[in-house]
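Work through the exercises below with the model open. Try each task before reading its solution.

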Amino acid sequence: MTIQFIDLAAQYQHLKTKIDARIKTVLDHGKYIMGPEVQELESELASYVGVKHAITCANGTDALTLAMMVLDIKPGDAVFCPTFTFFATAEVIAYEGATPVFVDSDEATFNICPIDLEKRIQATIAEGKLTPKAIIAVDLFGLPANYPEIQKIADKYNLKLVEDAAQGFGGSIDGKRAGSFGDIATTSFFPAKPLGCYGDGGAVFTNNDEYAELLKSYRVHGKGKDKYDNVRIGMNSRLDTIQAAILLEKLAEFPTELINRNKAADNYEKTLSGKYQTPQVPTGYVSSWAQYTLVSTNRDVDMAEYKEQGVPTMIYYGTCMHEQTAFSQLGYQTGNFPVAEGLAQSVFSLPMHGYI
C-alpha cells in the first residue's frame, strides 16, 4: 500500500461530483475573474471564521503583503515574527522595506514565544534604530499561537497584530477560530494547506471596515470607485473564480475533515508519545493539524525507518529565518535562538490529512 503524505486524490474522489459541477457552472457562465463564486466564498469564509470581512486574493504571500500595505509598514519599521516558520512570513516584511526582528519559539507548541517576543521588543526600543510597528504571529503546523498573551504584549507596546493563519485555518482558542485574532489575519489556499484549492489562492480577514475597503482597493491595482481611477498604488491579486468554486465545496466538507484530522492526531499521540516528543495542544485550543510534527533525538535514523516501511516524512523547517542567506545582513548568529535552532535540527512530520 502506498501511503500519501497529503492525499489530495482521495479528497477529490470523495468530492468529485460536487467539485466537477461547481467547475462546470463557472465554465458555463464564463465569469473567470471576480465571478459570483468569489463573493459567495468570501461570505462563507467570513461566517466560518467569525469576522465581518473576508477578502480573497491570489495567494497566501500576497495576503500577508496586503496586510503590510494596509498597516503602512515601511522602511525604518520593525516587525516581529518567529524565526522558525516558512520564509514568506519574513519575506513580506522585507519586501516593504521594513526590518524583520526574529523571535524564538515556545518549546512545547513550536509557536512564537511570548516571553522572548517581549524581550526582543524591549531590546529594539532600547537600541532606538527602528520603530516597532507590528507583530506577525504564525499558527504553526495548525495550532493557533498564544494570542491571549501576544495581544496583551501588542497592546502594551501599541503594536498592530497580524495572524498568519495559513497553517492554522480551522484551529481555535476557546471557540474563537483561527483567522479572527489580531487586527488582520491571513491564510493560504495552497493545495497542501488544511483548506486548499487546486492552485494558488489566499484570503485576508478583519473586523475593521476601513482595512477591508483598503484591501479591496489594493488587490485590484489600488482602484477607486472606477477601475480606471486608481487612487493608490496597489497590486494585481485576485482569486480565480474556478478556485473559489472548488473552495466552496471543500469548505462545506472541511468540518468533517477537521474531525478526522484530530482523530488521526489522537491516534498518533497514543502510539508515539512514549518514543518521541509529540505536539502538545494546550487546554482550550484546537489544532487543524496542517502537519503532525515530532521531535526526535535521532531524526535521520527515524526518517529512514519510516521510509523502509513505506511511510513518507518531511522536514518543516530545516533552516531558521535568521540563518537564511537573504537575511544574513541582519547580523544574527547561530545560538541567538536556541529553541528554534534545536527544533530545526530535530523535527520531522508524518502523513496528515482528512482521509488518512
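Two strands pair if DSSP finds at least two bridges between them. Helices (H or I, at least four residues) and strands (E, at least two) are DSSP runs, numbered from the N terminus. This is a predicted model, in which local features need pLDDT of at least 70 and side-chain atom pairs count only at pLDDT 80 or more, while totals for chains, interfaces and linings use all residues. Residues are numbered from 1 along each chain as its sequence is written, and side-chain values use heavy atoms, with hydrogens and water left out.

**Exercise 1. An open sheet**

Task: give the strand order of the open sheet of 3 strands, then find its edges.

Solution. Step one: the order is β7-β6-β10, and the pairing is antiparallel. Step two: β7 (176-177) and β10 are the edge strands; each has a single partner strand, so one side of each lacks a neighbour in the sheet. Step three: check the pairing of β6 (residues 172-173) with β10, which is antiparallel over 2 bridges. Ile173 has Tyr285 of β10 as its bridge partner.

**Exercise 2. A covered strand**

Task: decide how many residues of β1 (residues 53-57) are buried, and which way they point.

Solution. Step one: apply the cut-offs. Buried means under 20% relative accessible area, exposed over 50%, and partly exposed in between (1.4 Å probe, protein chains only). Step two: count. In β1, 5 of 5 residues are buried. Step three: sort by direction. His53, Ile55 and Cys57 point one way, Ala54 and Thr56 the other. Step four: find the partner strand. β1 pairs with β9 (residues 202-206) in the antiparallel sense, over 5 bridges. There, Thr206 is the bridge partner of His53.

**Exercise 3. The two faces of a helix**

Task: separate the buried side of α9 (residues 299-308) from its exposed face, and find what covers the buried residues.

Solution. Step one: list the buried residues, namely Arg299, Asp302, Met303 and Tyr306. They lie on the same side of α9 because they cover an arc of only 95 degrees around the axis; the arc is that of the directions from the helix axis to the C-beta atoms. Step two: turn to the face away from the buried side, where Asp300 and Glu308 are exposed. Step three: look for the cover, which includes α8 (241-272), α10 (338-346) and β12 (347-350). Step four: leave the helix. Gly310 follows α9 and has a positive phi, near 80 degrees.

**Exercise 4. Salt bridges**

Task: which residue does Glu42 meet in a salt bridge, and where do the two lie?

Solution. Step one: define the bridge as a side-chain nitrogen of Lys or Arg within 4 Å of a carboxyl oxygen of Asp or Glu. The whole structure holds 14. Step two: Glu42 meets Arg219, at 2.9 Å from N to O. Glu42 is in helix α2 and Arg219 in the loop between α7 (209-218) and α8, so the pair links distant parts of the chain, 177 residues apart. Step three: check burial. Glu42 is buried at 10% relative accessible area, and Arg219 is buried at 5%. Step four: compare another pair. Lys152 bridges Glu149, with the closest N and O atoms 3.3 Å apart. Both lie in helix α6, 3 residues apart, about one turn of the helix. Lys152 is exposed at 53%; Glu149 is partly exposed at 33%.

Notes. Contact means heavy atoms within 4.5 Å.
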